[in-house]
Amino acid sequence: MKRKIVSILLCAVMVAGLLSGCAKTNKTTDNSNNPAKDDTKTEATATPKAEDSKPAEINIFISQPEYADAMNELIDAYKKVAPNVTINYETTQNDYPTLLKAKLNSGDVPDIFSSTSGKEIDVYKEWSYNLADQALTKTMLPSVASSMQSSEEGGGVYGIAIKGNYFGMVYNKDIFSKAGITEFPGTVSAMKAACEKLSAAGYTPFTTGYSEWWVFKHVWQHFFAAAAKDAGTDVASLVKSFEEGKAKVKDYPELYNNFFDFIDLTVKYGDAKPLETALENEESAFASGKAAMVVGQGAWIEGDVKAITPDIQIGFNGYPVTEDASQCQVISGSDQALHVYKDSKSLQATLDFVNWWYTSDYGISWFTDVAGVVPPVKTTAQSNFDIIKQGSELEASVGAAPLGVCYSTDSWWQVFGELMQAYIAKTADKDATCASIEEQWSAIDGAQ
């Protein structure tokens, strides 16, 4: 099992496996944003040949443990391409920002590490290789590439995405039907009515995962998008206003009223011990039919849920954030970035690996066939995952709300999650929590 506990997967075995006829672009990198050292000259290699594989060790330390199984398969596949390369894969979630900073400060920098996209690209740029001239940029979607740019320099490609994604409410269609709910509740009042019906029918309406700090940012961004829209501004501008200490939560009813009311609703109609419920508990409660809706999750849970209950009827929609059902929208976008350490002792081997991931037939198909995510690369492959299919259909029919989580750092989001956990534990009331949100947001991200 994965998650919670750091999972270390040492892929040391390198058996011979040959991929013949793989194209290799011999192009010496001339990249002024990267260190100009003789021993760090790199080649923008699309796919290395197994017979050319040189001994090397790549250390990967990333968040998103929900993809541990898929990453294992990716690494196993790469063994056949580069049999002399050892990949050490380590993943965790809850303490990731703190653990990463400790590694960076100690000089023990992973060859591949993760952050959020957007704002954190500049936070970690001094350690990151500019991938702008690498083969992988030919397959990377333009929308993903733009989220990997440095806003400070107005360009570059300082990361790759492990996924595009859909964020929204995952629900059990069968349970909704048995409770007499014929359509997903698109408004705040409709959601309250649905909870009453589900509870009366003997189901737990929500499972929440509130022991995880990152769950809260996934929920908040839906209400925040509505707050920005109703205020006649955009998400980026409203985030900046909070960072500058100008905005107040109380001035936005979508946040002060609707977001906090929703959190209260999920606690009232949710897990018996919400602050002791983590991702795996959510997946188990949902897959087993105990809970009707999963809070704070998205496309990434489907594989695990269907591993427990293969025939579960999964529904997917946005969060009801106001009394306007048109604002109940899913969110799509690439929120995470994987950085290549620019001073890595295994820089060429690391570049070979990420280029292979983004350009080989297996690597491109991995996103839909193995990881079950929205591909961050150009492909015509159709996903078999319900959440991705429904998210794509909803985005095409009613649009998608903007991805808000990438405008702030995970350092801030972790504190935000802890403030919300204190609110649920009743050690801080709503006004005190809002005051702390305003103060800490400005102190942490306003100083960036």
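1. Lys306 is partly exposed, at a relative accessible area of 22%, in a model that is predicted rather than determined by experiment. Its salt-bridge partner is Asp386, with the closest N and O atoms 2.6 Å apart. Asp386 has a relative accessible area of 19% and is buried. The cut-off for buried is under 20%, so the two partners receive separate labels although their values are 22% for Lys306 and 19% for Asp386. I would read the percentages along with the labels here.

2. The Asp386–Lys306 pair connects distant parts of the chain: Asp386 belongs to helix H14 (residues 386-398) and Lys306 to helix H11 (residues 302-308), with the two positions 80 residues apart in sequence. The pair also belongs to a network, in which salt bridges with shared partners join Glu302, Lys306 and Asp386.

3. In total, the structure holds eleven salt bridges. As background, side chains of opposite charge can pair when their charged atoms come close. Another of these contacts is formed by the side chains of Asp410 and Lys217, at 2.8 Å from N to O. Asp410 sits in helix H15 (residues 410-424) and Lys217 in helix H7 (residues 214-230), and the two are 193 residues apart. Are these partners buried or exposed? Asp410 has 8% relative accessibility and Lys217 has 2%, so both count as buried.

4. A further salt bridge pairs Lys248 with Glu438, where the closest N and O atoms are 3.9 Å apart. The cut-off for a salt bridge is within 4 Å, so this pair qualifies at 3.9 Å. Lys248 is located in the loop between helix H8 (235-243) and helix H9 (253-268), whereas Glu438 is in helix H16 (residues 430-444), so the contact ties together parts 190 residues apart in sequence. Lys248 is partly exposed at 38% relative accessible area, while Glu438 is buried at 15%.

5. Strand S11 (residues 336-340) is largely enclosed by the rest of the structure, because five of its five residues are buried. Which residues point which way from the strand? Gln336, Leu338 and Val340 point one way, and Ala337 and His339 point the other way; all are buried.

6. S11 runs antiparallel to strand S4 (residues 112-116), and five bridges join the two strands. Within this pairing, Thr116 has Gln336 of S11 as its bridge partner. Gln336 comes up again in the next point.

7. The structure holds four cavities of 30 Å³ or more, and the largest cavity contains about 140 Å³ of space. It is lined by 16 residues, of which Gln64, Glu66, Gln93, His218 and Gln336 are the closest to its centre. Gln336 is thus a buried residue of S11, the bridge partner of Thr116 and part of this lining.

8. What classes of residue line the largest cavity? The lining has six polar, five charged and five nonpolar residues. Helix H7 supplies the largest share, three residues. Helix H7 is also the element that holds Lys217 of the salt bridge with Asp410.

9. The lining of the largest cavity takes at least three residues from each of two domains: domain 1 (56-164 + 335-387) and domain 2 (169-329 + 409-446). Anyone using this cavity in further calculations should keep in mind that the model is predicted.

Terms used
Residues numbered from 1 in each chain as written. Predicted model: local features only at pLDDT ≥ 70, side-chain atom pairs only at ≥ 80, totals over all residues. Heavy atoms only, no water. Helix = DSSP H or I, 4+ residues; strand = E, 2+ residues; numbered from the N terminus. Buried < 20%, exposed > 50% of the residue type's maximum accessible area, 1.4 Å probe, protein only. Pairing = 2+ DSSP bridges. 1 Å grid on protein atoms, 1.4 Å probe; cavity = no way out; pocket = protein on both sides within 12 Å on 5 of 7 lines; lining within 4 Å. Points joined across faces, edges and corners; volume = space filled by probe spheres on them. Nonpolar A, V, L, I, M, F, W, Y, C, P; charged D, E, K, R; others polar. Domains from an automatic or database assignment.
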